[in-house]
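Here are my notes on the model you sent, set out as numbered points. Please read them with the coordinates open.

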Amino acid sequence: IFMTTRKKSMPTLGEQIAQQIIANYDLKNAQDVQDALKQVFGPIFEAVLNGEMQNHLGYAKNAHSQDSSNSRNGYSQKTLKTSLGEVPIRIPRDRQSMFEPQIVKKHQRDVSSIEGKVLAMYARGMSQRDIAATIEDIYGFELSHEQISNITNCVMEEVDRWRTRPLKSFYPFSFVDCIYVSMRTERGIRQVAVYVMLAYDTNGYKDILGLWINETESKHVWMKIFDELKSRGIEDLGILSIDGVSGLEEGAKAIFSNITVQRCIVHLIRNSIRYVPRKQWSSFTKQLKEIYGAINAEEARRKLKKFKQDWQDYPGAVTVWENNFQQVEQIFNYGSAVRKVMYTTNAIESVNASFRKVTKKGTFPNEDAIFKIFYLRIVELYKKWNSHSLANWAMIRNQLLIDERMGNLMKKYDKEF
């Protein structure tokens, strides 16, 4: 029997470096490893900088060139902020001060990519004080509140570009809701409404179309907002789900005349349940579900008739559903998969719940500060959303084709048809 001998693999470059560090440092714990890496970190930067200087001058150290009037002129000291902590290095200089280092540029002291880390912490709702403390704990150097503010302020140009970016021609589903935040104004600290618009595109992917801050709700304010959306490229909106914001339906229809506006059924439940004793809430909501969860509009009308009889002792609750039953009837124009998307604003309320995590810690100094924190949070949400479309989208897409208006819009704008 012949046995093959296993060929011993050569250690990788990383393994060779690790072996040298182990051989030359007394490593007993994780902190010793960190300290050893810090001692290696500086010489690596210095070696690269000396290589850059050699290329700049055209000759090696301790050599001379008759073709160059420039030469080395010692070193300057710099302390770098790295992911391992502060590391002192020496920067080579030339006599004509023409050397432009690339690995560590002039005036650069931070090579830790700390800006991205600060923005990520800010987007998760951490205060400037908490961010500064976390940076010092993890990386061993200090960042002032002013430095943190400067880092986060750098995104404002990005925010402005995002708020005015071109949009797609058509969104089958869109949702509007608002979240209230505290802001300092000339009249003191006030609660201002930040309006958020979420949409699904023809492939079922989410996007936040915009953010707006308004002190008043009116048809004209919403006309202005929807006109802005049209100027950014939207030609048609399919179904707009709302929670009964004043003037929103009129403003939307003034710009997108064929839009279907759907009142949130969950909000209607909340509005009507206020008139019912708490001990009867369970039976009340169960009977309401039989209405909006009916097989078709005819069955929903029968269930409403019975509901009115059973709950006639609470006219306030009954009136809410009598006045808004048209909103219930229209959901039966679509298949059950579409209904689940359109009958509630839960999709955008979950987005606003995410915003509340980053707005609950205090008062904003101005509108820019609000837009900045909301945008950074949206960037975090995009990382989740861009990886998958809405669940059951294939079925939803098929059921949208059943309705004549939505079917024509899908065929017009969906590139996969």
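Which residue stands opposite Arg 263 in strand 7?

1. The model is predicted. In it, Ile 242 is the residue that stands opposite Arg 263. A further facing pair is Leu 240 with Val 261 of strand 7.

2. These pairs belong to the contact between strand 6 (residues 236-242) and strand 7, which run parallel and are joined over four bridges. Helix 8 (residues 248-255) completes a β-α-β unit with strand 6 and strand 7, and the unit is right-handed.

3. Strand 7 covers residues 260-263, and its side chains split into two sets. Val 261 and Arg 263 point one way, Thr 260 and Gln 262 the other, and all are buried. In a regular strand, side chains alternate between the two faces of the sheet.

4. The wider sheet is open and has five strands in the order 5-4-3-6-7, with mixed pairing. Its edges are strand 5 (206-214) and strand 7, each of which pairs on one side only. From one strand to the next the twist averages 25 degrees.

5. Elsewhere, the second largest pocket has a volume of about 320 Å³. Strand 1 (72-82) and strand 2 (85-94) are the elements that give two or more residues to its lining.

6. That lining holds 17 residues, and those nearest the centre of the pocket are Ser 76, Ile 91, Pro 92, Arg 93 and Lys 106. By class, the lining of the second largest pocket has six charged, six nonpolar and five polar residues.

Technical notes: Residues are numbered from 1 along each chain as its sequence is written. This is a predicted model: local features need pLDDT of at least 70, side-chain atom pairs count only at pLDDT 80 or more; totals for chains, interfaces and linings use all residues. Side-chain values use heavy atoms; hydrogens and water are left out. On a 1 Å grid over the protein atoms alone, a cavity is a set of points where a 1.4 Å probe fits but cannot get out, and a pocket is an open set with protein on both sides within 12 Å along at least five of seven lines; lining residues have an atom within 4 Å of a point. Grid points are joined across faces, edges and corners, and a volume is the space filled by probe spheres set on the points. Ala, Val, Leu, Ile, Met, Phe, Trp, Tyr, Cys and Pro count as nonpolar, Asp, Glu, Lys and Arg as charged, and the others, Gly among them, as polar. Buried means under 20% relative accessible area, exposed over 50%, partly exposed in between (1.4 Å probe, protein chains only). Two strands pair if DSSP finds at least two bridges between them. A crossover is right-handed if, with the strands pointing away from the viewer, the path from the first strand over the helix to the second runs clockwise. Axes are lines fitted to C-alpha atoms, for helices over the stretch in contact, and angles run from 0 to 180 degrees between N-to-C directions.
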